[in-house]
Amino acid sequence: MPDAPKILIIGYGNMSGAMLAGWLTAGEPAERFAVLNRSPKTAPAGVTVYRDLDEAVAAGSHNAVMLGFKPNQLNDVAPQIQALTGEGVAVYSLLAGLTIAQLKSAFPNAAAHIRVMPNLACRINRSPIILLENGLNADKRESTFTFFDALGTAVWLEEEGKFDLVTALAGSGPGFVYRFIDALAGAGADLGLEPAQAEALALAMVDGASALAAGETLSPGDLANRVASPGGMTREGLNVLDAENALQELLVETLRATAERGAELSADNG
Ligand SMILES: NC(=O)C1=CN([C@@H]2O[C@H](COP(=O)(O)OP(=O)(O)OC[C@H]3O[C@@H](n4cnc5c(N)ncnc54)[C@H](OP(=O)(O)O)[C@@H]3O)[C@@H](O)[C@H]2O)C=CC1
Ligand SMILES: O=C(O)[C@@H]1CCC=N1
């Protein structure tokens with residue numbers, strides 16, 4: 001991609017580390033990336049690691065920064081990195097809950113402000129990545145999309161009011177799926193399976209079921225019915241999950257609580 005920005009990652013932790021790994025796997029040159037972290041970190045070969053802010057400012061070779069620290073650090077960190085987020089620089093933010101308006105207020109000189117919501121499956125190039133921007137022209141919008149799409153499946157969101165909800169579903173979602181797998185394995189163990197075997201079976205089952213559903217034209221709801229042979233075993237289990245819409249209700253509450261926390265994180269940075 002000829003016009004891909006040279007990216008400076010500020011805050012190189014779990015999420016930005018997974019993204020960098022995904023980009024390198026996708027064939028992005030390591031030289032396109034630089035990292036600035038609070039405590040010393042190592043990065044993959046070819047990626048520049050700045051020891052401190054001054055070194056990053058002196059290099060001055062990036063045209064995009066990606067914010068990979070925690071949302072509650074924005075007010076502390078923003079004043080320190082003004083020199084890195086000036087004219088011509090696009091700001092990509094992973095900070096959950098924080099709005100475009102807050103990013104514009106924190107980085108008033110940046111050329112564009114882009115909210116990015118990935119999940120940890122970026123590491124294997126299988127993440128949904130939700131994008132919302134302010135300030136990109138049509139060409140930059142396209143190259144930005146292509147750049148993030150390499151980490152899985154990028155999608156533009158136009159309504160910022162839904163960002164916390166898509167964050168809950170697609171960004172936090174792996175946490176909920178891991179909890180489900182863990183609970184399924186735990187249930188198997190409670191009922192008599194050997195725990196390690198129950199976990200291995202649960203993981204392999206979710207992996208295969210998810211891959212199958214992703215390649216199917218049938219909806220997941222229809223696929224569930226296809227597994228449940230009339231008068232067979234699965235229907236009895238589905239009846240438990242479906243009683244009083246129990247699973248759906250639980251997940252509505254799960255997404256609601258998660259999304260509401262986004263609004264709180266935003267308010268905390270008011
Ligand atoms: N984890 C996830 O699944 C997802 C996370 N996100 C978002 O990604 C962001 C990071 O989360 P996550 O990776 O989980 O958190 P981590 O704690 O793993 O990473 C945060 C990193 O930021 C560094 N850091 C803190 N302050 C500074 C600073 N002043 N200058 C430079 N680096 C700094 C930390 O350094 P140190 O090592 O010194 O602590 C740490 O390496 C959050 O905003 C979160 O909302 C979004 C989607 C999914
Ligand atoms: O828990 C969090 O705040 C971040 C946002 C989405 C996933 N992790």
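Which residues of β1 point one way, and which the other way? This tour of a predicted model begins with that strand and then moves outward.

**First stop: strand β1**

Select residues 7-10, which form strand β1. Ile7 and Ile9 point one way from β1, whereas Leu8 and Ile10 point the other way. All of these residues are buried.

**Second stop: strand β2**

Next, add residues 33-36, the strand β2. Phe33 and Val35 point one way from β2, and Ala34 and Leu36 point the other way. As in the previous stop, the residues named here are all buried.

Display β1 and β2 together. The two strands pair in the parallel sense, over four bridges. Which residue of β2 is the bridge partner of Leu8? Select Ala34 to find that partner. Further along, Ile10 stands opposite Leu36 in β2.

Now add helix α1, residues 14-25. With β1 and β2, helix α1 makes a β-α-β unit, and this unit is right-handed. To follow the unit in the viewer, colour β1, α1 and β2 separately.

**Third stop: the strands on either side of the pair**

Two further pairings can be displayed from here. Select residues 48-50, strand β3, which pairs with β2 in the parallel sense over three bridges. Here the bridge partner of Leu36 is Tyr50 in β3. Leu36 was met before as the residue of β2 that stands opposite Ile10.

Then select residues 64-67, strand β4. In what sense do β1 and β4 pair, and over how many bridges? The pairing is parallel, with four bridges. Within this pairing, Ile9 of β1 has Met66 of β4 as its bridge partner.

**Fourth stop: Val47**

Move to Val47, in the loop between β2 and β3. Is Val47 buried, exposed or partly exposed? Val47 counts as partly exposed because 19 C-beta neighbours lie inside 10 Å, while a buried residue would need 20 or more.

Select the residues that Val47 touches: Leu20, Ala30, Phe33, Ala34 and Val35, leaving aside residues up to four places away in sequence. Among them, Phe33, Ala34 and Val35 belong to strand β2. A distance may also be displayed here: the C-alpha atoms of Val47 and Leu8 are separated by 9.9 Å, although these residues are 39 apart along the chain.

**Fifth stop: the ligands**

Select ligand 1 and the 24 residues that surround it. The closest are Gly11, Gly13, Met15, Ser39 and Ala96. By class, this shell has 13 nonpolar, nine polar and two charged residues.

Next, select ligand 2. Which residues lie around it? They are Ala96, Thr167, Gly171 and Ser172. One residue of this shell is nonpolar, three are polar and none is charged. Ala96 appears in the surroundings of both ligands.

**Sixth stop: the loop between α10 and α11**

Go to the loop between α10 (234-242) and α11 (246-268), where Glu244 is found. Asn245 has its place in this loop as well. Glu244 has a positive phi of about 55°, although it is not a glycine. For Asn245, phi is near 55°, again a positive value in a residue other than glycine. Most residues other than glycine have a negative phi.

Are these two residues buried or exposed? Glu244 is exposed, because 7 other C-beta atoms lie within 10 Å. Asn245 is exposed as well, because 11 other C-beta atoms lie within 10 Å. The cut-off for an exposed residue is 12 or fewer.

**Last stop: the whole chain**

Finally, show the entire chain. Its secondary structure comes to 11 helices and eight strands. Along its principal axes, the C-alpha trace spans about 70 × 40 × 35 Å. Of the 270 residues, 29% count as buried. Among contacts with a separation of 6 or more, 63% join residues 24 or more positions apart.

How confident is the predictor, and what are the values to note? The chain has a mean pLDDT of 96, and 98% of its residues reach 70 or more. For the complex, the predictor gives an ipTM of 0.99 and a pTM of 0.96. Where pLDDT is low, the predicted coordinates should not be read in detail.

Technical notes
Residues numbered from 1 in each chain as written. Chains lettered and ligands numbered in written order. Predicted model: local features only at pLDDT ≥ 70, side-chain atom pairs only at ≥ 80, totals over all residues. Contact = placed C-beta atoms within 7 Å. Near = placed C-beta within 6 Å. Nonpolar A, V, L, I, M, F, W, Y, C, P; charged D, E, K, R; others polar. pLDDT = per-residue confidence, 0-100. Pairing = 2+ DSSP bridges. Right-handed = clockwise from strand over helix to strand, strands pointing away.
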